[in-house]
Amino acid sequence: MFWIAAVAAAIALAYAYSFYFGQNIVVQESSMDPTLSAGDTLLIDRAAYKLGSPKRGDIIVFRTSDDPKSSLHIKRVVGLPGETVQIQNGQILINGETYVEKRDFPAITNPGIAEEPVELGRGEYFVLGDNRNNSEDSRYADIGPIEKKRIVGKLWMVTAPFEKMGLLHH
């Protein structure tokens, strides 16, 4: 009988956490292919960065302006506060060193503003879409580095379609 109460309590806590700190989002574009596809439904952890900060490789949801009604964007964190990011010969350089990613992404054909070194300030992050050559991200002047205050949360789970359901592995 105790285990039934324990399971019920765990489900209730998970529901409460999701309700108060979670948010669903549907992917609208192909900039995160092949990791995420248009139409995928995801769960955002809105509490993830209240106490901590994004880490390299995290997939985040952010707004490009301070307007709380502005559209949400999904990208992967590549550069962290205080670092210098540059893209040369299709490769990402962080503080002058080639960044070797855990996944095999295509060489970048358009370095954008990162053709020159981009120095990230306090609370700024450099983000890229996984579909590196079909993504509007920090390489574009109208987006640029993302301020922490504009980050809505961290993506952590695919909830639909059923065959992709599960935790996101960064």
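Visitor: Hello! How does Asn95 count: buried, partly exposed or exposed?
Guide: Welcome! This is a predicted model in which local features need pLDDT of at least 70 and side-chain atom pairs count only at pLDDT 80 or more, while totals for chains, interfaces and linings use all residues. Residues are numbered from 1 along each chain as its sequence is written, and side-chain values use heavy atoms, with hydrogens and water left out. With a 1.4 Å probe and protein chains only, buried means under 20% relative accessible area, exposed over 50% and partly exposed in between, so Asn95, at 47% relative accessibility, counts as partly exposed.

Visitor: Where does Asn95 lie?
Guide: Although Asn95 is not a glycine, its phi is positive, at about 55 degrees. Helices (H or I, at least four residues) and strands (E, at least two) are DSSP runs, numbered from the N terminus. By that numbering, Asn95 lies in the loop between β6 and β7.

Visitor: And what about Asn89, buried or exposed?
Guide: Asn89 is placed in the loop between β5 and β6. This residue is not a glycine, yet it has a positive phi of about 50 degrees. With a relative accessibility of 77%, Asn89 counts as exposed.

Visitor: How many bridges join β5 to β6?
Guide: Two strands pair if DSSP finds at least two bridges between them. Strand β5 covers residues 84-88 and strand β6 residues 91-94, and they run antiparallel. Val85 has Ile94 of β6 standing opposite. The number of bridges joining β5 to β6 is four.

Visitor: Which strands stand at the edges of the sheet that holds β5 and β6?
Guide: Four strands form this open sheet, with antiparallel pairing, in the order β7-β6-β5-β8. An edge strand has a single partner, so one side of it is left without a neighbour in the sheet. That describes β7 (97-98) and β8 (118-119).

Visitor: Why is strand β9 said to be largely enclosed by the rest of the structure?
Guide: Strand β9 pairs in the antiparallel sense with β4 (residues 72-79) over three bridges, and with β10 (residues 146-147) over two. Phe126 of β9 is the bridge partner of Gly79, while Tyr125 stands opposite Ile146 in β10. Strand β9 spans residues 124-128, and it is largely enclosed because the number of its five residues that are buried is four.

Visitor: Which element gives the largest share of the largest nonpolar core?
Guide: A nonpolar core is a set of buried Ala, Val, Leu, Ile, Met, Phe, Trp, Tyr and Cys residues joined through side-chain atoms within 4.5 Å. The largest one has 13 residues, and those with the most contacts inside it (contact means heavy atoms within 4.5 Å) are Ile25, Leu36, Leu42, Ile59, Val61, Ile74 and Leu155. At least two residues come from each of β2 (41-45), β3 (59-63) and β11 (151-160). The largest share, three residues, comes from β11.

Visitor: How many residues does the second core have?
Guide: This core is separate from the largest one. Among its members are Ile94, Tyr99, Ala114 and Leu120. The second core has a residue count of twelve.

Visitor: What is the volume of the largest pocket?
Guide: On a 1 Å grid over the protein atoms alone, a pocket is an open set of points where a 1.4 Å probe fits, with protein on both sides within 12 Å along at least five of seven lines; lining residues have an atom within 4 Å of a point. Grid points are joined across faces, edges and corners, and the volume is the space filled by probe spheres set on them. For the largest pocket, this comes to about 160 Å³. Of its 14 lining residues, the closest to the centre are Gly90, Gln91, Tyr99, Glu101 and Phe105, in the pocket of about 160 Å³.

Visitor: How many residues of that lining are charged?
Guide: Ala, Val, Leu, Ile, Met, Phe, Trp, Tyr, Cys and Pro count as nonpolar, Asp, Glu, Lys and Arg as charged, and the others, Gly among them, as polar. The lining has seven nonpolar and three polar residues. Its charged residues number four.

Visitor: Where is the proline that follows Asp33 through a cis peptide bond?
Guide: The peptide bond from Asp33 to Pro34 is cis, with omega near 5 degrees. Pro34 lies in the loop between β1 (22-26) and β2.
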